[in-house]
Amino acid sequence: MNKRKRLFSLICAICIFSCSCGLGKTTPSADKPIVLGFSQLGDESTWRSQNSRSIISAAEEAGIKIMFDDAMQDPENQIKAIRSFIAYKVDVIAFSPLVETGWDTVLGEAKAAGIPVIIVDRMIDTEDDSLYTCALCSDFDLEGRHAGQFLLDKYRYTEQPIKIVELAGTIDSTPAIGRYEGFRSVISSDSKFEVIFSACGDFMLSKGREIMQQVLELYDPEEIDVLYSHNDDMTFGAIEVMREAGIEPGKDIVIISVDATQRIIDYLRAGTVNCVIECNPNSGPQLMELAKKIVAGEEVEKQIYIKELVFDENSNFNKIADRGY
Ligand code: GZL
C-alpha cells in the first residue's frame, strides 16, 4: 500500500473511530458531528497549501470531522477518494477538481448514494448540474479580464506593438481557461497587443522557470514587453531566470501575476512586478458553513463567487492587508 493510501486510510480510521456510531450512515447531531470527505487536487503551489490549511483548520473550528485526501495532481486519485467517501457514507463530499471534465460518473454515484457534493475552487464542465448542490469558486474569467484591463490602462497612449508572453496554468483547468479567455477578451480590443508565446506551466515554480528559459532561447529580452503569469509560483520561477539573464523584472519586462501571496505583494511594493490579481485561497470557513446548511437541509445558492481584489503599481500599498501566506 503506498504512502498516500496509508495516510488516507489512517485519516479515515481516525474519523470513523472518533465518530463511529455502529454500522451505516447516522444523522449528524451535537454528539455525532458532520463527516465531510474532501478531495484536494494536490499541493502544487503556495496558494494550494494555504487553501488546504484554510479548509482543515475551518473544519476543526466548525466541529466537522474531515476526511482529507491529497490527490497529488491525479484526477484518478480524486475519483478513488470520492468513491471511498461514498463507501464510508460521509454526510457531504467536497472537492477541488484538477480539471473540468470526467466527473459525471463518480458524481452520479454520490447522487445515487444520497450524498450532497460541494465543488470548491475550480469548476466542472457538466450538462447535469443536479450532480452537485453548490459551487464555491473564484471568477477566473474576471481575473483574466482584470489582467487585460491593467494593460489597456497602462498602454492607453502607446502606439507601438506590445508583445506578451503567457505562463498558463494546468490545461483543462477552470483557472487556466478563465484567465486565458478573460485576458484575451479584453486585450483583443486593441491590435497593438500580441501574445507571442503561451505555454502550460501547471502552476508550478519549476515549470515557470523552464518555460522562461525556453522563451529567452527563442526571443531577445527586448522583444518581450509583458509577462502574464496565471499564478505567483510560476512568476517566481520566471523572475529567477530573468535575473540570471540580467533582465530587471518589473522594469525591462512588465509582470502581471495572479494569486496575491505575501511574496508577490512584497515584489509589487519593490517594483519587481506591476500588477497582482487576487485569487482568494481562504474558502474554508465559507465551505464549512455551506456543509452545515446542506446537511441540515437548508437551501443554498447553486453558484457562489469568492470576492477578490486587484493591486497594481499605482495602488496605495499601505492599504494592502498582510496576506497570511
Ligand atoms: C485558483 C487555483 C489555482 C491557483 C494556483 O483557484 O485553482 O491553482 O491560482 C493553484 O496557484 O495552483
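**Ligand site, argued from cut-offs**

Me: In this predicted model, what makes the approach of Asp259 to the ligand a polar contact?
Reply: An N or O atom in the side chain of Asp259 is 2.6 Å from an oxygen atom of the ligand. The cut-off for such a pair is 3.5 Å, so this pair counts as a polar contact.

Me: What makes Glu44 and Ser45 polar contacts of the ligand?
Reply: For Glu44, a polar side-chain atom lies 2.4 Å from a ligand oxygen. For Ser45, an N or O atom of the side chain is 2.8 Å from an oxygen atom of the ligand. Both values fall within 3.5 Å, so both pairs qualify.

Me: How much of the ligand does the protein bury?
Reply: The ligand taken alone exposes 320 Å². The protein buries 100% of that.

Me: Where does the ligand sit, and what does that require?
Reply: The ligand sits in the largest cavity. The test is that more than half of its atoms lie within 2 Å of the cavity's grid points; the ligand therefore meets it.

Me: Which elements give two or more residues to the shell around the ligand?
Reply: Helix H2 (46-62) and helix H6 (174-187).

Me: How do you know that both domains take part in the shell?
Reply: Domain 1 (2-138 + 281-307) and domain 2 (140-279) each supply at least three residues.

Me: How many shell residues are charged?
Reply: The shell has 6 charged residues, with 5 nonpolar and 2 polar.

Definitions and conventions. Residues numbered from 1 in each chain as written. Predicted model: local features only at pLDDT ≥ 70, side-chain atom pairs only at ≥ 80, totals over all residues. Heavy atoms only, no water. Polar contact = N/O pair within 3.5 Å; in protein donor to acceptor, adjacent residues only side chain to side chain. Areas by Shrake-Rupley, 256 points an atom, 1.4 Å probe, with all protein chains shown as cover. 1 Å grid on protein atoms, 1.4 Å probe; cavity = no way out; pocket = protein on both sides within 12 Å on 5 of 7 lines; lining within 4 Å. Helix = DSSP H or I, 4+ residues; strand = E, 2+ residues; numbered from the N terminus. Nonpolar A, V, L, I, M, F, W, Y, C, P; charged D, E, K, R; others polar. Domains from an automatic or database assignment.
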